[in-house]
Structure formats: C-alpha cells, structure tokens
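Welcome! Here are a few short exercises to help you find your way around a new structure. Try each task yourself before reading its solution.

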Amino acid sequence: MTNRVHRPREDAEFDFVLGRSGTPVLAYFTGTWPKAIEPCRVMDLVVGGIADEFTGRLTAVRVDITRCPAATERYGITGAPSCVLIEDGAAVAQGTGPMTSAEVRTLLEGHL
C-alpha cells in the first residue's frame with residue numbers, strides 16, 4: 001500500500017486527518033473478520049493507486065472499523081469494505097463492497 005494512505009489508529013486521529021486534509025477525503029472502511037480480509041486487501045491496492053493518481057487533489061484514509069467505531073457510525077457503515085467520499089465532514093458519495101479502480105473513479109466524478 002502506498003505511503004499516501006493515512007491509517008488512523010483511533011477516531012480522534014481520523015478526525016484530525018479530516019480537519020487537516022484541505023482536499024476531499026476518500027475514506028475506505030476495512031474489517032478484520034475472516035470474510036472481510038481478502039476484499040479489504042484488494043481495496044488497499046485500489047485505493048493506493050487512486051491516492052497516487054490523485055495526489056494533491058485527494059486525501060486517502062484506511063479506516064479500521066474496530067479502531068474507529070464513531071467514524072463508522074457517523075458515516076453509516078454497515079459492511080466492509082466500504083468507501084465514502086467526504087467533503088467538509090459530510091459524505092457526498094458512498095459505495096459498499098469491493099470496488100474496481102474504475103468504480104472508485106466514478107464515485108469521485110464531479111467532486112475533484
């Protein structure tokens with residue numbers, strides 16, 4: 001995974017990244033239970049590539065559902081992986097399940 005993807009260890013750190021990003025934030029929520037591990041690993045690669053492609057226009061954040069329960073609840077996450085595009089603290093686009101790079105780019109359309 002690219003170094004351009006933030007990995008907050010708790011909700012406060014996630015909120016700090018949101019407040020300091022200066023760009024829209026692509027948060028992808030991951031899980032560590034057996035059925036979520038492989039799809040979440042795929043999303044690591046997809047979002048890492050997107051973060052590299054949109055350097056300076058997007059902040060990417062990998063959010064572990066168990067470590068950031070308040071963020072998970074705030075954005076209505078019910079499964080992993082899930083992607084949320086956040087602008088000024090509000091979700092403006094969302095997708096659930098493993099996504100391809102093309103699907104993530106579609107999620108970003110009109111926001112970057």
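**Exercise 1: What covers a helix**

Find which elements cover the buried residues of helix H4, and work out how those residues are arranged around the helix.

Solution. Start with the cover: it includes strand S2 (25–30), helix H2 (34–53), strand S4 (82–87) and strand S5 (90–96). Next, list what is being covered. Helix H4 spans residues 101–108, and its buried residues are Val104, Leu107 and Leu108. Now look down the axis of H4: these buried residues fall within an arc of 100°, so they line one face of the helix. Finally, step just past the end of H4, where Gly110 takes a positive phi of about 80°.

**Exercise 2: How far to trust the model**

This is a predicted model, so let us check its confidence. Which element has the lowest confidence, and which the highest?

Solution. Begin with the whole protein: the mean pLDDT is 92, and 97% of the residues reach 70 or more. Then go element by element. Confidence is lowest in H2, with a mean of 90, and highest in helix H3 (residues 69–74), with 97.

**Exercise 3: Laying out the sheet**

Write down the strand order of the sheet, then say which strands form its edges.

Solution. The sheet is open and has five strands, in the order S1-S3-S2-S4-S5, with mixed pairing. Strand S1 (5–6) and S5 are the edge strands, since each pairs on one side only. Now move inward to S2 and S4, which run antiparallel and are joined by five bridges. As an example, Ala27 has Val84 in S4 as its bridge partner.

Two helices can then be added. Helix H1 (residues 11–20) packs on the sheet, touching S1, S2, strand S3 (59–64) and S4, and its direction makes about 165° with that of S3. H2 lies across S1, S2, S3 and S4, and runs at about 170° to S2.

**Exercise 4: Checking the cysteines**

How many disulfides does the structure contain?

Solution. A search of the whole structure finds zero. Take Cys68: the nearest cysteine sulfur, that of Cys40, is 14 Å away, and Cys68 is in no disulfide. Turn to Cys83. Its closest cysteine sulfur is also in Cys40, at 9.7 Å, which is too far for a bond.

One last step: are Cys68 and Cys83 buried or exposed? Relative accessibility is 0% for Cys68, so Cys68 counts as buried. Cys83 has 1%, so Cys83 counts as buried too.

Terms used:
Residues are numbered from 1 along each chain as its sequence is written. This is a predicted model: local features need pLDDT of at least 70, side-chain atom pairs count only at pLDDT 80 or more; totals for chains, interfaces and linings use all residues. Side-chain values use heavy atoms; hydrogens and water are left out. Buried means under 20% relative accessible area, exposed over 50%, partly exposed in between (1.4 Å probe, protein chains only). Helices (H or I, at least four residues) and strands (E, at least two) are DSSP runs, numbered from the N terminus. The arc is that of the directions from the helix axis to the C-beta atoms. Contact means heavy atoms within 4.5 Å. A disulfide is a pair of cysteine sulfur atoms within 2.5 Å. Two strands pair if DSSP finds at least two bridges between them. Axes are lines fitted to C-alpha atoms, for helices over the stretch in contact, and angles run from 0 to 180 degrees between N-to-C directions. pLDDT is the predictor's confidence in each residue, from 0 to 100.
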